[in-house]
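Good morning, and thank you for joining. I would like to walk through one structure with you, beginning at a single surface residue and then turning to the interior.

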Amino acid sequence: MKAQHERHENSILKSENDKLRAENNRYKEALSNASCPNCGGPATLGEMSFDEQHLRIENARLRDEIDRISAIAAKYVGKPMNSFSSSHLSPHLPSRSSIDFGGGQQPGGFVGEMYGAAAAAASDLLRSVAGPTEADKPMIVELAVAAMEELVRMAQAGEPLWVPDHQGNSAGEMLNEEEYLRSFPRGIGPKPLGLRSEASRESAVVIMNHVNLVEILMDVNQWSSVFCGIVSRAMTLEVLSTGVAGNYNGALQVMTAEFQVPSPLVPTRENYFVRYCKQQSDGTWAVVDVSLDSLRPSPLSKNRRRPSGCLIQELPNGYSKVMWVEHIEVDDSSVHNIYRPLVHSGLAFGAKRWVATLDRQCERLASSMAMNIPAVLTFFSVMTGPEGRKSMLKLAERMVMSFCTGVGASTAHAWTTLSPSGTDDVRVMTRKSMDDPGRPPGIVLSAATSFWISVPPKRVFDFLRDENHRSEWDILSNGGQVQEIAHIANGRDPGNCVSLLRSTNSSQSNMLILQESSVDATGSYVIYAPVDIAAMNIVLSGGDPDYVALLPSGFAILPDGPTEAAAAFNPGEGIVDDVGSGGTLLTVAFQILVDSVPTAKLSLGSVATVNSLIKCTVERIKEAVAGKTA
């Protein structure tokens, strides 16, 4: 029996040996007939075996990655990726920590607080974007895996992919388009005709740990709240994977978002994309977006995201290093002339703005959680320690998000241009406020205008935030002086602070002004809102700030282009692309409560009053700042 068993094993081994010999002969024949893909000549055995080995390893790695994500998605849905049922999966990722960015738990991240019909219209518009079909999901997984690989290489590569830029790009480097096409032949296809490529990258060290940063990026509510100046609307359409082991490693979700610049003169950019999060082998986290427009081609699509996102590296003491890449193809022909150098330089939508905003918000959050930064009080003495300070900062945060909602060119808002006369056109919109304790009831009239002024942005920022100069431009102060009665620093720069102001005008004795000024490397804001003294006393005592009614107004202050490429130009005679003058692009926005009447019957007198108010304010600012400069 033992001899028979050994003969049987020998027979099996001989059969396997014959198969291996036959396979070896096939490989030898294939190698003998192989040719070099570059020159067409015969390939040597060594070259071919090395290339074949490299390709096999790469293919195996990608296959494992796709299989892993497919298995996760199949486990989440309960069916294999290639045999989904017609039912749609549409849960939204829950918040996995207690980070408070005012984001709530709604499925869509609508920045700030939208009013009545406008909110409903925006919600309907976002939900009208259909999620992926079952047949598309395997393609989405493959596209996300390839995009992740591209992002990591783009973030870490040097020359020749990224070359020095001598044309005024804000990052000091530019993408070599030819090298990019050679390095990444896969992806979403060639650039469509009529679209311009924008590519930039930026890195910074921010005061937040990597776990919280990943959560912010993967939770649509927190993401749209942290980047409220850039993301005007966002929604998660479908979650294909929630990740593994209780974190976002392997999380995959289909999203839609609208990106803005704080001015009605710059059209927003809408994107339909997949977001994929993965922890790399070295412990670094990566989050990548890539457009899915190829799955639903539309002739109206004016922009798309090539693999864009960030790498997050853990550092000691709760810090993280963020490396951000933005790669967009866009038709920006409808951008107003005075904003074109800013947009082309990458300061408007590029990686520098994303990183600067993230750094500022991390700094803002860290200061709000700090216990050793006292508030400076010169009038009130009712702020009871950190509770009152935290309530005041939370109220200021809501004010900033509400302001960002009404200052851009979001398609959720119906802007109307009044008396068009050039770059100083005033655009207005009305929104209804009903049954909202955080906003006064009635019809709210919002007005905004943007213009260029030949004064550096820092000087404009310092002038507008200084309470001693407020009577020079604030018509509603009626010439009365303004005093700062409370001051809370919330950043490294002295300009980053929240203030409580009081007018010496006796007609406004029952009102205070809450103001936040904020500045980063790409722009600055001065935002304010009148608040009732009684309500503010509750906030300063540590009470709930959500019930304080706010109608914020303010200023968005941007450079007119990259300062290192400054050259004189006249906005009235056309502008050379990518060249700034060192001047300022200033957006002025007001919100005024109108009587509780139906929107359709809004009086022309109210509109004329707002139009006159905003134009007078613009003229006062121009005269005052020009006087200071002289």
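Let me begin with Tyr-319, which sits in the loop that links β9 (308-314) to β10 (320-330). Please keep in mind throughout that this is a predicted model. Is Tyr-319 buried, partly exposed or exposed? Its relative accessibility is 34%, and because partly exposed covers the range between under 20% and over 50%, Tyr-319 counts as partly exposed. Together with Val-205 and Ile-207, Tyr-319 makes a nonpolar surface patch of about 230 Å².

Let us now move to the interior. The largest nonpolar core comprises 47 residues, and Trp-223, Phe-227, Trp-324 and Tyr-339 have the most contacts inside it. Helix α9, residues 351-369, gives the most to this core, contributing 6 residues. Which residues does Phe-227 contact, once neighbours within four places in sequence are left aside? They are Leu-217, Trp-324, Trp-354, Thr-357 and Leu-358. Apart from this core lies another, of 35 residues, including Ile-140, Leu-143, Ile-188 and Leu-292.

Finally, I turn to the protein as a whole. It contains 13 helices and 20 strands. Of its 630 residues, 51% are buried. Among contacts between residues at least 6 apart in sequence, 69% join residues at least 24 apart. The accessible surface of the protein comes to about 28,300 Å², with carbon and sulfur atoms accounting for 55% of that area.

Technical notes:
Residues numbered from 1 in each chain as written. Predicted model: local features only at pLDDT ≥ 70, side-chain atom pairs only at ≥ 80, totals over all residues. Heavy atoms only, no water. Patch = residues over 30% accessible without salt bridge, like charges linked within 9 Å, V, L, I, M, F, W, Y side chains within 5 Å. Areas by Shrake-Rupley, 256 points an atom, 1.4 Å probe, with all protein chains shown as cover. Salt bridge = Lys/Arg side-chain N within 4 Å of Asp/Glu carboxyl O. Helix = DSSP H or I, 4+ residues; strand = E, 2+ residues; numbered from the N terminus. Buried < 20%, exposed > 50% of the residue type's maximum accessible area, 1.4 Å probe, protein only. Core = buried A, V, L, I, M, F, W, Y, C linked by side-chain atoms within 4.5 Å. Contact = heavy atoms within 4.5 Å.
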